[in-house]
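Welcome! Here are a few exercises to work through with the structure in view. Try each task before you read its solution.

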Amino acid sequence: TGRPDVEEAIDQEIKKFHDFSAFKIVEDEGQSAIKTRWVFTDHEDDQSKGYKLKSRLCMRGDTEDNVDLIRSDSPTTHKDSLKLALSIAANENFDIMSADIKSAFLQGKALDRKVYVIPPVEAKLDGKLWLLEKGAYGLIDGSRLFYLELKEKLELLGLKQVSGDPAMFTFHQDGKLVGISASAD
């Protein structure tokens, strides 16, 4: 590309795929493989008080074989549930915090099928493919795989799923509500 900011953003995104063990490198033996595409956005950079270019490597999941058979539902908190949670938090004088999980889809559940990907040219893997191990942006079920992993982790921490909203969880201590978690994607 010739632009240092673009090259740095691409390198960082490929590094995330490595860091989260999102794929294995395999020989290209003619397997059906999906392509990728880069999406670039400018994000505010708190450290420099300016903007920083961010890249995201997106899978062309819409071209995957049998895409209609892949379960893709993934709940997000309903706006009425979020309003109720914020009202309870204000009434109970809870601290309200929000968090962004970086590279969320790469931290989701393992894939239950084989998805071969033609790596981006920047990965410098001629004659090789990626065999995805985890969900990734652009896969039909990427959001669902992340939700299932998040749900499991929250339940391990003792949070309980709210019956009327599968993306909202509560935490009780000594029979008293002490926390609420909502997933908004």
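**Exercise 1. How many salt bridges are there, and which parts of the chain does the pair Glu-27 and Lys-128 link?**

Solution. Keep in mind that this is a predicted model.
- Step 1: The count comes to 16 salt bridges.
- Step 2: In the pair of Glu-27 with Lys-128, the closest N and O atoms are 2.2 Å apart.
- Step 3: Glu-27 sits in strand E1 (residues 23-27) and Lys-128 in strand E6 (residues 128-132), so the pair links distant parts of the chain, 101 residues apart.
- Step 4: Glu-27 is partly exposed at 42% relative accessible area, and Lys-128 is partly exposed at 28%.

**Exercise 2. Find which residues are linked with Glu-64 in a network of salt bridges.**

Solution. Glu-64 is linked in this network with Asp-112, Arg-113 and Asp-141.

**Exercise 3. Is Cys-58 buried or exposed?**

Solution.
- Step 1: Locate Cys-58 in strand E4 (residues 50-59).
- Step 2: Its relative accessible area is 16%, and buried means under 20%, so Cys-58 is buried.
- Step 3: Leaving aside neighbours within four places in sequence, Cys-58 is in contact with Lys-35, Thr-36, Arg-37, Val-39 and Tyr-137.

**Exercise 4. Work out where the buried residues of helix H2 lie around its axis.**

Solution.
- Step 1: Helix H2 (residues 79-91) has 13 residues and reaches 18 Å from its first C-alpha to its last.
- Step 2: The buried residues of H2 are Ser-81, Ala-85 and Ala-89.
- Step 3: These cover an arc of only 75 degrees around the axis, so they lie on the same side of H2.
- Step 4: On the other side of H2, the exposed residues include Lys-79, Lys-83 and Asn-91.

How values were computed: Residues are numbered from 1 along each chain as its sequence is written. This is a predicted model: local features need pLDDT of at least 70, side-chain atom pairs count only at pLDDT 80 or more; totals for chains, interfaces and linings use all residues. Side-chain values use heavy atoms; hydrogens and water are left out. Helices (H or I, at least four residues) and strands (E, at least two) are DSSP runs, numbered from the N terminus. Buried means under 20% relative accessible area, exposed over 50%, partly exposed in between (1.4 Å probe, protein chains only). Contact means heavy atoms within 4.5 Å. The expected span of a helix is 1.5 Å times one less than its number of residues. The arc is that of the directions from the helix axis to the C-beta atoms. A salt bridge is a side-chain nitrogen of Lys or Arg within 4 Å of a carboxyl oxygen of Asp or Glu.
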